[in-house]
Amino acid sequence: MFRTQASTPSDTRPRSRLGTRLALVLLPLVALPLLALGGAAYLRARSILERQAVLQLGNEVRTQVLTLEDWAVVRHQFIQLAS
């Protein structure tokens, strides 16, 4: 009635579960493209933000130059009226 099997070295080794094996196979297939797309998105966003910062600083410099030129004109006129 009872069967007894002889224990062989291959029987004593624990077998990995299908879910674990599947996860180990699929993880690199999902993670590598995800990392690549994340890196590309980061570099693109950084480039866009850097370009915007340069443009905004350039506009601010132009505004300051115009303000200083106006101030210099007013001071020059004031000096001419005072003398």
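Biologist: Which residues form a nonpolar patch on the surface?

Modeller: A patch takes residues with over 30% relative accessible area and no salt bridge (Lys or Arg side-chain nitrogen within 4 Å of an Asp or Glu carboxyl oxygen), joining nonpolar side chains within 5 Å. Here Leu22, Val25, Leu26, Leu29 and Val30 make one, with about 470 Å² of accessible area together (Shrake-Rupley, 1.4 Å probe). This is a predicted model, with local features needing pLDDT of at least 70. Residues are numbered from 1 along each chain.

Biologist: Is Val30 buried or exposed?

Modeller: Buried means under 20% relative accessible area, exposed over 50%. Val30 is exposed because its value is 55%, and 0% of the 83 residues count as buried.

Biologist: Where is the kink in α2?

Modeller: A bend is the angle between axes fitted to the seven residues ending at a residue and the seven starting there. In α2, a kink of about 30 degrees lies at Leu26, shortly before Pro28.

Biologist: What should the 65 residues of α2 span?

Modeller: Expected span is 1.5 Å times one less than the residue count. That gives 96 Å for α2, and its end C-alpha atoms are 94 Å apart, which agrees.

Methods. Predicted model: local features only at pLDDT ≥ 70, side-chain atom pairs only at ≥ 80, totals over all residues. Heavy atoms only, no water. Buried < 20%, exposed > 50% of the residue type's maximum accessible area, 1.4 Å probe, protein only. Patch = residues over 30% accessible without salt bridge, like charges linked within 9 Å, V, L, I, M, F, W, Y side chains within 5 Å. Helix = DSSP H or I, 4+ residues; strand = E, 2+ residues; numbered from the N terminus.
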